[in-house]
Amino acid sequence: PTYNARWQALATSGALTNAGVGLRFDVQHAQHTLPAFAVRYQGQVYAYVNQCAHVAMEMDWQPGQFFDGDARYLMCATHAALYEPDTGLCVAGPCHGKRLTPLPVKEEQGTIYASCTV
């Protein structure tokens, strides 16, 4: 398939394992470059801007490490906010009820693609 300039290939499908290490990439928003990430959860790929809904800080505690110790939630390393991986909804922490900024993502023919613009 042919994608317009808005889509970028991130990696092969095998690069993301369920609740494993996430893929970091950049997206464009107006004149700024923002960090973003993609993870696999329950077989599906989800992508978000890599900014906590509480304070605009990157969430991973080590590069690509977004899941909490139980591999159930995405966790902000700074304030321990917990987010549902499939919805981006904050379920615990200082930003309870807010959401991560989702990015369009798709997986086709063994490749993961994400939107490169917000």
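**A friendly note on strand 3 and its aromatic neighbours**

1. Strand 3 and strand 4 run antiparallel to each other, paired over six bridges. Please keep in mind that this is a predicted model. To find one of these contacts for yourself, start at A38: its bridge partner in strand 4 is A47. Two residues separate strand 3 from strand 4, and the two strands form a hairpin. In that turn, look for Q42, which has a positive phi of about 50°.

2. Now turn to strand 2, residues 23–29. Strand 2 also pairs with strand 3 in the antiparallel sense, here over seven bridges. A good place to look is Q28, whose bridge partner in strand 3 is T33. Strand 2 and strand 3 form a hairpin as well, with two residues between them. The turn holds A30, and its phi is positive, at about 55°.

3. How many of the 10 residues of strand 3 are buried? Eight of them are, so the strand is largely enclosed by the rest of the structure.

4. Next, the aromatic rings. Searching the whole structure turns up three aromatic pairs. One of them joins F37 and Y48: the ring centres are 5.9 Å apart and the planes meet at 45°. Why is this pair called tilted? Planes under 30 degrees apart would count as stacked and those over 60 as edge-to-face, so the rest are tilted; the 45° here puts F37 and Y48 in that group. The pair links distant parts of the chain, since F37 belongs to strand 3 (residues 32–41) and Y48 to strand 4 (residues 44–49), 11 residues apart. Both F37 and Y48 are buried.

5. F37 has another ring partner, F66. Their centres lie 3.9 Å apart with the planes at 15°, so this pair is stacked. It too connects distant parts of the chain: F37 is in strand 3, while F66 sits in the loop between strand 4 and strand 5 (74–75), 29 residues away. F66 is buried, just as F37 is.

6. Put these pairs together and you have a cluster: F37, Y48 and F66 are linked by ring pairs. When you view the model, try colouring these three residues.

7. One last ring to visit is that of W7. Which residue lies over the face of W7? The residue is K106, at 4.1 Å from the ring centre.

Key:
Residues numbered from 1 in each chain as written. Predicted model: local features only at pLDDT ≥ 70, side-chain atom pairs only at ≥ 80, totals over all residues. Heavy atoms only, no water. Phe/Tyr/Trp six-rings, centres within 6.5 Å; stacked < 30°, edge-to-face > 60°. Helix = DSSP H or I, 4+ residues; strand = E, 2+ residues; numbered from the N terminus. Buried < 20%, exposed > 50% of the residue type's maximum accessible area, 1.4 Å probe, protein only. Lys NZ or Arg CZ within 6 Å of the ring centre and 35° of its normal. Pairing = 2+ DSSP bridges.
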